[in-house]
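Biologist: I am new to this structure. Could you take me through a few of its strands and loops?

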Amino acid sequence: MKKITQLICVLLTVASMNAQQEKGIMGYTNWLNNWTEFKPNKVDYGEANQILAGNISVNTKLLKRNIYVLQGNVYVTNNAVLTIEPGTVIIGDFETKGTLVITKGAQLVADGLETDPIVFTSNRSMKKAGDWGGIVILGDAPINKFGNVGSYNLDLDPTMTTYGGDNVASNSGVLRFVRIEFAGKKVKGLDTFNALTLAAVGNKTVLENIMVSYAGGDSFGILGGDLNATKFVSYKSVNDDFKFSQGVQCRFFNSLAVRSSYFSSTKDGSRCMEVRSFEKKSETDFTKKQTLVVASNITMVNDSENINADIQAGLVKEAVYVAENASLEMKRSVISGFNPAVLLDSKTEINDANLKKIKFEEMYFNLCKGNIFTEYNSNNEDLESWYGNSVFFNVYSQSDNKETFIDIFNPKKPDFRLQLGKITASSGNR
């Protein structure tokens, strides 16, 4: 590893001297209260009395007093705004795999309340991941594909699913206090929908307090764009919880991913967080910005009664994957119960330039079988030496989740924040 000592000296001059800042999700109160639901299959949302189908080409408002069934592929077009009242329930139809698509130029204003969230869910009596499609929002912010144009069609109309442009500050609407449950349909011979796809979304779009539960694909798929994301919750997704690609520039704050050894997939590409610059190198314009995710106060936890046994059985993999050419700066975050905590793409050379782009500072690595590795390489001495340096204030622990988090297994009032004193007590353990 070249010039690593020099780089540590540079970082020492700018690093914070306070190693005891709160790590993981934070707040004066438990912000998961009221609007989240960790047992959505137990909730009776009632029967639909309105049908939502076809194209929406004029400004339209959905009302709380109705329950809507989303049938087939529904497109909001012609720069129209679809507004949804707080407390409204929209049920994705299983038979037609209902999917809501906000086309480029249109807006979705789903502005719920903490005590009255907007809910998208399944219409099956026995709800399962992938029962319906999901929500697709297509904007005109930059992406790193040639021509600045992408297409998210799968089984959608390709003429209505283009995204990308030059408007960093574009506005695709508001998603706030919204739940999306049992989405992520599988398209035969192709791929799986994300529960929420944000493609080329600009930074005037409001994205706060969004919970995805039991997604059949990725919970949050973010393709290009420039956005701020806060208080995202992903609960027991089959695939990735948070996936970033296509040159997205994202400020990601105060969010939670909870995985399950027996529900989340261990196949390639299923992690809490995946940070890529591209899916296909041949389609990528490397003169444009590559993916940069700046993340702080993120909690990623594997909900397991016996994490060590699950790791031994091969049911657990890494929490974070960083692919070549991508940048991730993560601070004050928690990774608990994974194998290992972080994996870097085998094509990422361990040198000064790349380590400036992949940062882990003031982290709490707990109950992980190894911390940071390069893919296909069991020798991580260089990375352990680098990220374990005291300048980064990273903490390593082997504490049971029940001891580490407040009320982690209380389904009524879950709180995945670290218990007081844990960080201080565990500091320096490697």
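Biologist: Which residue stands opposite V294 in strand 24?

Modeller: This is a predicted model. Strand 22 covers residues 292–303, and strand 24 covers residues 327–331. They pair in the parallel sense over 5 bridges. Opposite V294, strand 24 places E329.

Biologist: What is the bridge partner of E329 in strand 27?

Modeller: Strand 24 is also joined to strand 27, residues 358–361. These two run parallel, with 4 bridges. In strand 27, E329 has as its bridge partner K359.

Biologist: Where is P340, and what is the omega of the peptide bond that leads to it from N339?

Modeller: P340 sits in the loop between strand 25 (334–336) and strand 26 (342–344). The peptide bond from N339 to P340 is cis. Its omega is near -5°.

Biologist: Is N78 buried or exposed?

Modeller: N78 lies in the loop between strand 5 (73–76) and strand 6 (81–84). Its phi is positive, near 60°, and N78 is not a glycine. The relative accessible area of N78 is 62%. Exposed means over 50%, so N78 counts as exposed.

Biologist: And N148, buried or exposed?

Modeller: N148 is in the loop between strand 11 (134–138) and strand 12 (150–151). N148 has a positive phi of about 60°, although it is not a glycine. Its relative accessible area is 8%. The cut-off for buried is under 20%, so N148 is buried.

Methods: Residues numbered from 1 in each chain as written. Predicted model: local features only at pLDDT ≥ 70, side-chain atom pairs only at ≥ 80, totals over all residues. Heavy atoms only, no water. Pairing = 2+ DSSP bridges. Buried < 20%, exposed > 50% of the residue type's maximum accessible area, 1.4 Å probe, protein only.
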